[in-house]
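Got the viewer open and a selection box ready? Here's a short walk through the model, one stop at a time.

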Amino acid sequence: MLTRVYNIKKQGQVWKACGDPKAKPSYLIDKNLESAVKFIVRKFPAVETRNNNQQLAQLQKEKSEILKNLALYYFTFVDVMEFKVCTVNFDLTKNYLDLVVTYTNLMMLLSRIEERKAIIGLYNYAHEMTHGSSDREYPRLGQMIVDYENPLKKMMEEFVPHGKSLSDALLSLQMVYPRRNLSADQWRNAQLLSLISAPSTMLNPAQSDTMPCEYLSLDAMEKWIVFGFILCHGVLNSDQAALSLWKLALQSSTCLCLFRDEVFHIHKAAEDLFINIRGYNKRVNDIKECKEQALSHAGLMHRERRKFLRSALKELATVLSDQPGLLGPKALFVFMALSFARDEIIWLLRHNLSVCPEDESIIMSSFVNTMTSLGVKQVEDGDVFDFRGMRLDWFRLQAYTSVSKASLGIADHRELGKMMNTIIFHTKMVDSLVEMLVETSDLSIFCFYSRAFEKMFQQCLELPSQSRHSISFPLLCTHFMSCTHELCPEERHHIGDRSLSLCNMFLDEMAKQARNLITDICTEQCTLSDQLLPKHCAKTISQAVNKKSKKQTGKKGEPEREKPGVESMRKNRLLVTNLDKLHTALSELCFSINYVPNMVIWEHTFTPREYLTSHLEIRFTKSIVGMTMYNQATQEIAKPSELLTSVRAYMTVLQSIENYVQIDITRVFNNVLLQQTQHLDSHGEPTITSLYTNWYLETLLRQVSNGHIAYFPAMKAFVNLPTENELTFNAEEYSDISEMRSLSELLGPYGMKFLSESLMWHISSQVAELKKLVVDNVEVLTQMRTSFDKPGEMAALFKKLSCGYSVCISTGLVSLTQQIRDTFSHKYNCFVLSCHIPFLVSSVEDFKDHIPRETDMKVAMNVYELSSAAGLPCEIDPALVVALSSQKSENISPEEEYKIACLLMVFVAVSMPTLASNVMSQYSPAIEGHCNNIHCLAKAINQIAAALFTIHKGSIEDRLKEFLALASSSLLKIGQETDKTTTRNRESVYLLLDMIVQESPFLTMDLLESCFPYVLLRNAYHAVYKQSVPSST
């Protein structure tokens, strides 16, 4: 209450003390409400609200918010008022009634000692004879014995002045006692103590407005009522509620327990007292009726109660043992059940389980017993010690021995006090270390000086020599909750939030500082790694060559370029580089982060290392994407090999962090690098997979399609072709073997799969365009399919075809895209996987190579899918099968779809002669391919045919034979042409047939020989090689 009044004095809510500038209610500082507030203060407490509507009109709009936000202030003042009035509460009422009953029991037991007069008389006589006078206390003691011959009668006279307070205390039971004194049937109907009677509320906390009364002893209440109304019997005639309460208690029992086995027969004693009082005949009759009621019904009622409690307790124990989590919300039920069962046992045995009174001798004996029971074995066995009871006993003993009339004065036994204080201190060292630390080192005062606290933290963090102590600031936040008090719980939530927010801010700032230092170190290391790239050795090689030939190059006075590794050469140990400073600062800060594994604040656990891990993951992600240096405007991007070098340098630095902090850096690598293999990371940002996919599709593929770049099989890479406008990049630097392996290493299987699927989308779209062309020429193609052995008719039909050259262009785009995909997906991806999981890759390869031809196609496709994921080439491309399967139309029957697929192959076959007229179709032996990339058609034709006829369940071999026959017939026809333009690169196109057969697992050279004379192929090779000789010389 003091805390509440103090906080209100500070013109804010109770959490104003925590330094929140917004805590003060807006109604006290709002300029628009200032006149209304001043009017209320001036007229307090008699404020005439009806006649001053104009002055108080502004408050009408805010009245609901005022009631809501000022309730805490108002009821705090109400609590102060009630405290001043000292209204009787549960504890005060209970202790007061216990005191009355204990006093009554004591005097009644005293009157039951038959030898009391003899003992006292003999003692006094002996004292008088010895000392010549009576004991000074004897007169008062003797008079008391005489007066309390009939103790209840005497106490009835004594309690006349206390009748009002005693009757008020007893009448407070008029709602509690009848509710507790119900029959077993009423308990059963109310489903008392049952947790399963209302399943919907099973998890709701069991509570009431009078929770302490729910488990209050029924035996104790009956003592209060019976003895209390005997002592203040006048209220039985004036208050019907008191009479009803008293009669109900008389009907429940025939006797009450005074102490242990001493009982009090309530009906006879009450009747003897009231029979001699004038006007109490009605009360005497009431006692007789209640006696008859108790004798006839009380035993049966208690027996039924015990039966009910046996089943109810069994059910309660079964439910709670099966679901122990209900103990929390249903704890009140447990204590109620125990109290009810105890009451019935006490009633049955007529025995009161009272606790013996504590006195000095009992407490001292307790001390001795506790200390002598301790041993080393308890420590070795790991027993948990709890000496709170012993310390409480010492507190009680101090209270007993510090009063003026104490028989054992603590001031007279100073050595005892010294010894006990020493013992108490050592007990605290065993079971109360945390409390002792709070008592001696609490710095929760910083909670109320948050600005200064934050400023100190920033200063500590900025100084490298002090940064190792920065962990003390979040640790201080664990002290804040110790400044709260259980009697002011409303500020606990705000102080808890303040401690959590400050601790989170401190740990976050420490992690950010460490992250920035690590980033700077990584930047330095990446710069050093960049110096070792092959591209930087060209100048050194050039200088070495010129030195041998004694040629002078370069400008005079030009400084010589420093070689990598110069930074490690030091003439003096005192020379400190920037990298040294960064490592020193990082080691100091990491010491602080690694100081404690975790800290607990207001039931929240903070782990400093996790803050660092989280920041490292975020920064590593941003750094990887940033190191790609992708510029969408200029379409520039880092080479995969250079990026891989930088990433490895970055990872090397991060791995060294494990020397400073106990974190799992492998987890960081897994989380970040796995996200980089996806299209987007966990924050929805683009990854290196999406950046490189976009670049290869929008830049490389586009230039390849435009004829500016060609695939050279001899180099296994794409190479720039001479053009008028030079390209901004060298295709070979992004597509050779080393770059593809680096890209596969960076993107991983998932990233390469995404890249492959993106390329596959382009392939499927081009195939869809080809099918549209087939549909436009269905009739002509159908006739050509059956007329391949009729040259004249074929020539006439070919002239009827529309877009014949477009078919070659579309097929060429498919072949180029497929070649890029094959370059990415197979050779290099397989190489990377073979380095990481060689045994698994070899098993997959062996499985693929030994699949029988007669295997069911579904099973075979599963094997091909597994092999393709491992980067192994397959007879049938499963990804292409899936992509082309999605093009099936609901309006076209399967038979029609199959026909279109067959005619597509026919269209491609009969359109091949048109390639001979293209200047760029010339075959180059140096690159082992054609300059316009038509050599890529060989692989594309085989894979598209295999995919289409796998989908339509046709014979791949038969359809390729048909294709070979049509293509051969068409190409033989151009041998008879006389137009040099049409036959410009006839021999180069002839070589396509050989390439198609070489690439196909379904065709053989014998079959080709039957369709196309091998002599023509031989002559074609001779011609193209002969043409290349002058150009090569």
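Start by selecting Glu588: its relative accessibility is 18%, so it counts as buried. Keep in mind as you go that this is a predicted model.

Now add Arg468 to the selection. Its side chain meets that of Glu588 in a salt bridge, 2.7 Å from N to O. Arg468 sits in the loop between helix H25 (450-462) and helix H26 (472-476), while Glu588 is in helix H29 (residues 578-593), so this pair ties together parts that are 120 residues apart in sequence. Unlike the buried Glu588, Arg468 is partly exposed, with a relative accessible area of 29%.

Next, go to helix H22 (residues 388-400) and pick Arg396 and Asp393, which are 3 residues apart there, about one turn of the helix. Their side chains form a salt bridge too, at 3.2 Å from N to O. Arg396 is partly exposed at 27% relative accessible area, whereas Asp393 is buried at 12%.

For another pair, select Glu642 and Lys639: the closest N and O atoms of this salt bridge are 3.9 Å apart. Glu642 is buried, with a relative accessible area of 16%, and Lys639 counts as buried as well, at 17%. Then jump to Arg785, Arg959 and Glu962, which are joined into one network by salt bridges that share partners. The count for the model comes to 24 salt bridges.

Time for cysteines. How many disulfides does a search of the whole structure find? It finds 0. Take Cys483: the nearest cysteine sulfur belongs to Cys447 and is 5.1 Å away, while a disulfide needs the sulfurs within 2.5 Å. Cys483 is partly exposed at 23% relative accessibility. Cys590, by contrast, is buried, with a relative accessible area of 0%.

Switch to a surface view and colour Phe425, Met429, Val430 and Leu433. Together they make a nonpolar surface patch with about 340 Å² of accessible area. Helix H23 (residues 414-431) supplies the largest share, 3 residues. Leu433 is in helix H24 (residues 433-441) and is partly exposed at 45% relative accessibility.

Last stop: show helix H35 (residues 737-776) as a cartoon. Its 40 residues would reach 58 Å in a straight helix at 1.5 Å a residue, but the end C-alpha atoms are only 42 Å apart. Where should you look for a kink in H35? Zoom in on Gly748, shortly before the proline Pro749, where the kink is about 105°.

Notes
Residues numbered from 1 in each chain as written. Predicted model: local features only at pLDDT ≥ 70, side-chain atom pairs only at ≥ 80, totals over all residues. Heavy atoms only, no water. Patch = residues over 30% accessible without salt bridge, like charges linked within 9 Å, V, L, I, M, F, W, Y side chains within 5 Å. Areas by Shrake-Rupley, 256 points an atom, 1.4 Å probe, with all protein chains shown as cover. Salt bridge = Lys/Arg side-chain N within 4 Å of Asp/Glu carboxyl O. Helix = DSSP H or I, 4+ residues; strand = E, 2+ residues; numbered from the N terminus. Buried < 20%, exposed > 50% of the residue type's maximum accessible area, 1.4 Å probe, protein only. Expected span 1.5 Å × (residues − 1). Bend = angle between axes of the 7 residues up to and from the residue.
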